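I opened the file to look up confidence, the strands, the helix packing and the contact of the two chains. My entries follow in that order.

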Amino acid sequence: MLCDVCKQKKATVFLTQIVKGEMQKVNLCENCSKEKGVTDPTGFALADMLLGFGHGEKIETVPQERTCPVCGMPQSTFRKTGRLGCAKCYGVFGEGMDNLLKAMHKGTRHTGKVPARAGSSHSIAPKLEELKAALDEAVKGEHFEDAARLRDEIRRISETV
Amino acid sequence: MMKFATLLRKPPEWMQNDGPHRDIVITSRIRLARNLEGSTFPGWARKEDRVALMQQLQPHVESLPEMKDCFSEDLGNLDAIRKQVLVEKHLISREQAAKAGGSAAVINRDQSLSIMINEEDHLRMQSIRSGLDLRSAFAALDRVDTELEGLVPYAFDQRFGYLTACPTNLGTGMRASAMLHLPGLVLSEQVNQVISAVNKIGLAVRGLYGEGTEALANLFQVSNQHTLGEREADIIARLERVIEQIINHEQNARRKLIEDQPHKVLDHVGRAYAILRFAHILESKEALTHLSMLRMGSDLGMLPPAEGKVIDTLLMEIQPAHLQISAQRKLSAEERDILRAEVLRRRLANLPEPITDIATGPPPEDPPLI
């Protein structure tokens with residue numbers, strides 16, 4: 001099987017993604033997969049795709065990139081460097097963060113020291129709104145699996161606040 | 001305020017102390033990552049904002065009672081060699097040494113506490129102790145953290161804990177680590193087994209200078225990988241248990257080497273002694289390997305026990321930046337190798353020859369190393 005991009009070399013990297021309910025397969029050779037950042041071990045690109053951060057749309061064009069309104073960091077920079085721009089980024093890029101954290105840590109919830117000053121104001125407020133907006137999107141687009149996951153997450157956060 | 005020259009002259013407290021299991025565990029360290037609420041993380045902030053934050057934070061850090069008469073400097077005011085000396089002393093990170101202005105290091109008088117401002121996070125605080133002593137290292141740093149928390153507002157979230165630039169540090173923001181000297185496990189070729197077992201239970205093993213560095217001088221850093229979802233005390237207790245097991249393995253490996261291959265042990269220590277005392281050109285890696293053997297020889301009673309500290313001091317003094325600071329100029333690699341051999345010959349001039357009768361007699365019931 002030949003690479004879908006250069007149509008010259010043998011494809012060794014096979015990606016399957018679901019876009020708007022339709023399954024799409026992309027076959028890439030080693031060079032093209034590297035060029036597209038699919039196997040870039042330094043970035044989060046592969047982890048993102050596997051863990052659900054952008055569902056692999058990076059291969060295609062990136063649709064309206066999310067940017068932190070507080071510090072201006074675009075999500076692609078976070079993906080590339082693995083570092084967030086400011087504390088508020090956690091709320092903005094929060095979608096899919098749980099899966100990322102699950103892979104990195106023992107749990108997804110802090111159980112250690114709490115600074116004396118930390119009140120309820122310290123919880124990530126934009127997070128809930130973000131999730132609700134994403135839920136509306138998902139329902140409109142009839143992505144019911146995503147919608148169910150978002151609904152559960154909203155419920156869980158609302159209970160703990 | 002302490003001068004750089006004083007910092008350089010004074011041996012750090014951990015070097016002089018004898019913490020628990022000092023023969024195998026050189027140091028225990030705790031690191032906490034913290035950020036200020038409402039400020040962009042250093043890596044993404046504009047330079048002027050970074051400088052402003054440093055100027056706001058530095059006086060607070062200097063005002064801590066633990067930081068009385070501290071060393072406090074903007075890294076922009078230190079040349080490359082001075083920054084590298086701080087790395088070799090484990091007082092700042094390699095990442096911070098790569099930074100220029102807008103990043104500062106505050107180090108207390110006995111060098112047991114160092115606070116980096118604007119490394120990857122606004123605050124990276126470290127406490128260091130001799131031997132296996134993670135608890136007291138944590139207690140000291142926790143106190144500092146609580147004091148600072150009263151002076152500046154931390155970025156904290158109920159769910160994610162202390163918010164850090166990299167999600168791998170989220171939660172407690174704590175990295176607990178111990179520097180282990182494992183020549184027995186290396187010589188008996190068991191060290192890789194131990195490393196992979198340690199990795200499997202969510203702990204990381206790294207070389208002498210942290211992530212991505214080589215395990216020179218048979219020194220290995222063991223640390224926690226997870227920072228979220230576990231309490232600080234639990235992380236430390238788990239790490240401690242694992243380190244105690246590694247200590248056991250290392251002791252057994254040394255005992256077995258003496259029983260089964262006494263000549264191999266004598267040969268390693270003897271060659272190390274001869275080369276370090278008489279060589280005139282020594283590369284860093286070779287010198288560190290031999291110092292490791294000498295240190296083991298001292299643990300095994302082949303050299304006077306007091307020599308252990310001289311060897312530990314040398315492990316640091318023969319590093320490139322330390323050599324260049326002592327020569328007071330930049331040295332080429334060749335010049336460093338010559339000076340390194342000179343320093344070693346001079347410092348070990350009075351070291352008696354290693355005792356060799358561990359090979360002939362039966363192994364003692366209770367070897368002196370334990």
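In chain A, where is confidence lowest and where is it highest? I found the lowest in helix α2 (residues 45–51) of chain A, at a mean of 48, and the highest in helix α3 (residues 75–81) of chain A, at 91. Here pLDDT is the predictor's confidence in each residue, from 0 to 100, and helices (H or I, at least four residues) and strands (E, at least two) are DSSP runs numbered from the N terminus.

Before going on I noted the ground rules: this is a predicted model, in which local features need pLDDT of at least 70 and side-chain atom pairs count only at pLDDT 80 or more, while totals for chains, interfaces and linings use all residues. Residues are numbered from 1 along each chain as its sequence is written, and chains are lettered from A and ligands numbered from 1 in the order in which they are written.

Entry on confidence. I read an ipTM of 0.84 and a pTM of 0.78 for the model. Chain A has a mean pLDDT of 73, with 63% of its residues reaching 70 or more. In chain A, pLDDT stays under 50 over residues 53–62, a stretch with 16 contacts beyond four places in sequence, and again over residues 119–123, with seven such contacts; a contact means that the C-beta atoms of two residues, placed from the backbone, lie within 7 Å. For chain B the average pLDDT is 92, and 95% of the residues score at least 70. Residues 359–370 of chain B nevertheless have a pLDDT below 50, and I noted 15 contacts there beyond near neighbours in sequence.

Entry on the sheet. I traced eight strands of chain B in an open sheet, in the order β2-β3-β4-β5-β1-β8-β10-β9, with antiparallel pairing; two strands pair if DSSP finds at least two bridges between them. At the edges I found β2 (71–74) and β9 (203–206) of chain B, each of which pairs on one side only. From one strand to the next the twist averages 15°. As a sample I took β4 (residues 113–117) and β5 (residues 123–130) of chain B, which run antiparallel and are joined by five bridges, with B:Ile115 opposite B:Met125 in β5(B).

Entry on helix α9. I saw that α9 (residues 232–260) of chain B lies across β1 (25–34), β8 (174–181), β9 and β10 (219–224) of chain B and runs at about 10° to β8(B). Axes are lines fitted to C-alpha atoms, for helices over the stretch in contact, and angles run from 0 to 180 degrees between N-to-C directions. Helix α6 (residues 134–151) of chain B packs with α9(B) at about 155°, their axes 10 Å apart, which makes α6(B) roughly antiparallel to α9(B) (angles under 35 degrees count as roughly parallel, over 145 as roughly antiparallel, 65 to 115 as roughly perpendicular and the rest as oblique). On the α6(B) side I listed B:Leu134, B:Arg135 and B:Phe138, and on the α9(B) side B:Glu232, B:Ile236, B:Leu239 and B:Glu240.

Entry on helices α10 to α12. Helix α10 (residues 262–278) and helix α11 (residues 284–299) of chain B pack at about 125° with axes 8 Å apart, which makes α10(B) oblique to α11(B). Among the residues of this contact I noted B:Tyr273 of α10(B) and B:His290 of α11(B). The axes of α11(B) and helix α12 (residues 307–317) of chain B come within 9 Å and cross at roughly 165°, and α11(B) and α12(B) are therefore roughly antiparallel to each other. In α11(B), residues including B:Leu288 and B:Arg295 meet residues of α12(B), among them B:Glu307 and B:Ile311.

Entry on the two chains. I looked up how the contact is shared, and it takes 31 residues from chain B and 29 residues from chain A. The chain B side that touches chain A has 13 nonpolar, eleven polar and seven charged residues, where Ala, Val, Leu, Ile, Met, Phe, Trp, Tyr, Cys and Pro count as nonpolar, Asp, Glu, Lys and Arg as charged, and the others, Gly among them, as polar.
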